[in-house]
Amino acid sequence: MLSRSILLRKATALASPRIRCQVIRAPLQPVLWSRLASTVVKVPPMAESISEGTLKQFSKQVGDYVEVDEEIATIETDKIDVSVNATEAGTITELLVKEEDTVTVGQDLAKIDTDASSSGGGGEKKEQGTSEPKDSASKDQETSSQPSGGQEKEGPKESAPKQEAKEQSKGQSKEQPKEQPKESAPKEPTPSKSEPAKQEKKPTPPPPQPKKTEKPKGQEGPEPWNREERRVKMNRMRLRIAERLKQAQNTAASLSTFQEVDMSGLIDFRKKFKDEYLKKTGVKLGFMSAFAKACVLAMKDIPTINAGIEGPNGGDTIVYHDYVDISVAVATEKGLTTPVVRNVESMGMLDIERAIGDLGKKARDNKLTIEDLAGGTFTISNGGVFGSMMSTPIINPPQSAVLGLHAIFERAVPINGKIEIRPMMNITLTYDHRLIDGREAATFLVKVKEFVQDPARMLLG
C-alpha cells in the first residue's frame, strides 16, 4: 500500500503544472516504520481445581532483563506457590498488576520487550566511552576530518591560560627563592594558647545509650507482653486448610481408637541395618517407612480403611482403591501440607523412606507441585517429632482414616510377669464411622502394632 505522503504528492502534482514540477524535483523521504516486538506474560494454568491466586511478589521489576523460563513472579494458591516464568527473553517494560492482587488463570501480568538484549546498556556505555578520547583528540591534535582553521581559532584561547600560569609560576619563583628550603620540612601549625582552653571546655559527648524499649539486633517481631494487638490476614493456604478441616468435622462421623506400641524391636532393627544401608543407598532408615509398610499389610485384611466416600450431600458412594497412596503430613512455615507417596503397596521400606524424604525436602523448600498433593487414600501424621504424646488427628476428606504417631517415652510395662522399662509409643486411628465400624478400626490398629513390634513379620506378610 502507498503511504499517505505519496498519495498527497500525487494529488498535488495533478493540481497544477508548476506544483507538479516542484513535487517531482523534491526528493522522496523514506517512510520509517518502527515496530516494538513485545510479549505479554500471563498467569499460567495451575490445576483443574485452582482458577485464581494471590500475587505475592514480583522477583523482577521494570527495566530488569530476564532470560527464557526465568522466574519473574510468585502466585500463592490454596495449596502451593506457583512460579510465573518469562516466556521469552527480554526487558520488562510494564507490570500490569500489583502485589497482593487476586489474579486468575490467563490474566496479563507483565510486558516484555523482546528486542532488548542482555547487554542493552553496554552498547551505549561503550559508545560514550569511545567518544571521549575522540573529543579530547580533536582538541589537542589535528585530524583529517577537522580543518586546521578551526584549531587555529581555538589555539589562542587555550594557550592564554597556559601562558598566564607560566608567568605566575616564574614570578613566584623569583619572589620566594630563599623560602623554599625552609618549607621543605613543613611543620604542623601550633595552636594558640586560647585554643586548647576552648577545646578542653568542650568535652566529647558520650555515645548515645540504647533505650530500654529497643530490641537487640536479630530479634524480630513485637516486644512480648506489651498489650498491643496485631491483625494479619490469613494466607490462602491457611484459609484452605481451615476450610477443609471444618468440612471434615461437619461431614465425617469421626471416632478415634488408641494403642500402645513397644518400639524395642523396631529400634533394634533400625540400629542393626541403619549404618549399612546408609552407606549403600544413602537413605537414612527411619520409623515412618515401617508404619507405612505395616499399614499396607493390614489393609489387605481390612480394605475399608483404604476406601473413601464420595457424592453429594456428604457422600453416597463408597470408593474402594486397589492401590495405596499415603499422604504424609509435613509442617511448613505457611501451614500443613500432605504430599502423597504413590503406590506404596509395591514399594519396600527403603523406597518408602526415600520417597518420604524427597517430599519432605520439597515441602520445606517450597517446591511442591500440584501433582505432589493430588490424591491420597490414607494419611499418616507424625506429631511425635514435636514431642506430642497423644492426639486425635482430623480425617483428610474424601479419605476415611488417618493414623497418628506420637513421641517415644520410656515406661514401666509388664513383660512375662516382670516389670521392664521399654520405649513406648501411643498411636491413634481416627476413622469415619459412616464407613468403618469399631471392630474394623480396632483390628486394623492391632495389626499395625503387631507388625511394628516384630518387623520380621512384615517379611511374611
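Trainee: What makes Arg227, in the loop between α6 and α7, count as exposed?

Mentor: In this predicted model, Arg227 sits in the loop between α6 (194-201) and α7, and its relative accessibility is 84%. Exposed means over 50%, so Arg227 counts as exposed.

Trainee: What is notable about the phi of Arg227?

Mentor: Arg227 has a positive phi of about 60 degrees although it is not a glycine. Most residues other than glycine have a negative phi.

Trainee: Why is Asn343 called partly exposed?

Mentor: The relative accessibility of Asn343 is 40%, and partly exposed is the class between under 20% and over 50%, so Asn343 belongs there. Asn343 lies in the loop between β15 (340-341) and α10, and its phi, near 55 degrees, is positive in a residue other than glycine.

Trainee: How do you know that the span of α10 is close to what is expected?

Mentor: α10 has 16 residues and reaches 23 Å from its first C-alpha to its last, while 22 Å is expected at 1.5 Å a residue. Just after α10, Asn366 takes a positive phi of about 60 degrees.

Trainee: Which residues of α10 are buried, and what puts them on the same side of α10?

Mentor: The buried residues of α10 are Met349, Ile352, Glu353, Ala355, Ile356, Leu359, Gly360 and Ala363. They cover an arc of only 165 degrees around the axis, which puts them on the same side of α10. As a rule, an α-helix has 3.6 residues a turn, so residues three or four places apart point the same way.

Trainee: What does α10 give to the lining of the second largest pocket?

Mentor: α10 supplies the largest share of that lining, namely 6 residues. The second largest pocket holds about 680 Å³ of space and is lined by 29 residues, of which Met288, Val328, Ala329, Asn382 and Val385 lie nearest its centre. By class, the lining of the second largest pocket divides into 16 nonpolar, 10 polar and 3 charged residues.

Trainee: Which element gives the largest share of the lining of the largest pocket?

Mentor: That element is α7, with 8 residues. The largest pocket has a volume of about 1,200 Å³, and 50 residues line it, with Arg244, Thr338, Asn396, Pro397 and Pro398 nearest its centre. The lining of the largest pocket comprises 21 nonpolar, 19 polar and 10 charged residues.

Trainee: Why is the peptide bond from Pro397 to Pro398 called cis?

Mentor: The omega of the bond from Pro397 to Pro398 is near 5 degrees, and the bond is cis. Most peptide bonds are trans. Pro398 lies in the loop between β16 and β17.

Trainee: How do you know whether His406, in strand β17, is buried or exposed?

Mentor: His406 has a relative accessible area of 1%, and buried means under 20%, so His406 is buried.

Trainee: What makes the pairing of the side chains of His406 and Ser391 a polar contact?

Mentor: The side chain of His406 meets the side chain of Ser391 at 2.7 Å, and a polar contact needs a pair of N or O atoms within 3.5 Å, one able to donate a hydrogen and the other to accept it, so the distance fits the cut-off. The side chain of His406 also reaches the backbone oxygen of Asn426 at 2.7 Å.

Definitions and conventions. Residues are numbered from 1 along each chain as its sequence is written. This is a predicted model: local features need pLDDT of at least 70, side-chain atom pairs count only at pLDDT 80 or more; totals for chains, interfaces and linings use all residues. Side-chain values use heavy atoms; hydrogens and water are left out. On a 1 Å grid over the protein atoms alone, a cavity is a set of points where a 1.4 Å probe fits but cannot get out, and a pocket is an open set with protein on both sides within 12 Å along at least five of seven lines; lining residues have an atom within 4 Å of a point. Grid points are joined across faces, edges and corners, and a volume is the space filled by probe spheres set on the points. Helices (H or I, at least four residues) and strands (E, at least two) are DSSP runs, numbered from the N terminus. Ala, Val, Leu, Ile, Met, Phe, Trp, Tyr, Cys and Pro count as nonpolar, Asp, Glu, Lys and Arg as charged, and the others, Gly among them, as polar. The expected span of a helix is 1.5 Å times one less than its number of residues. Buried means under 20% relative accessible area, exposed over 50%, partly exposed in between (1.4 Å probe, protein chains only). The arc is that of the directions from the helix axis to the C-beta atoms.
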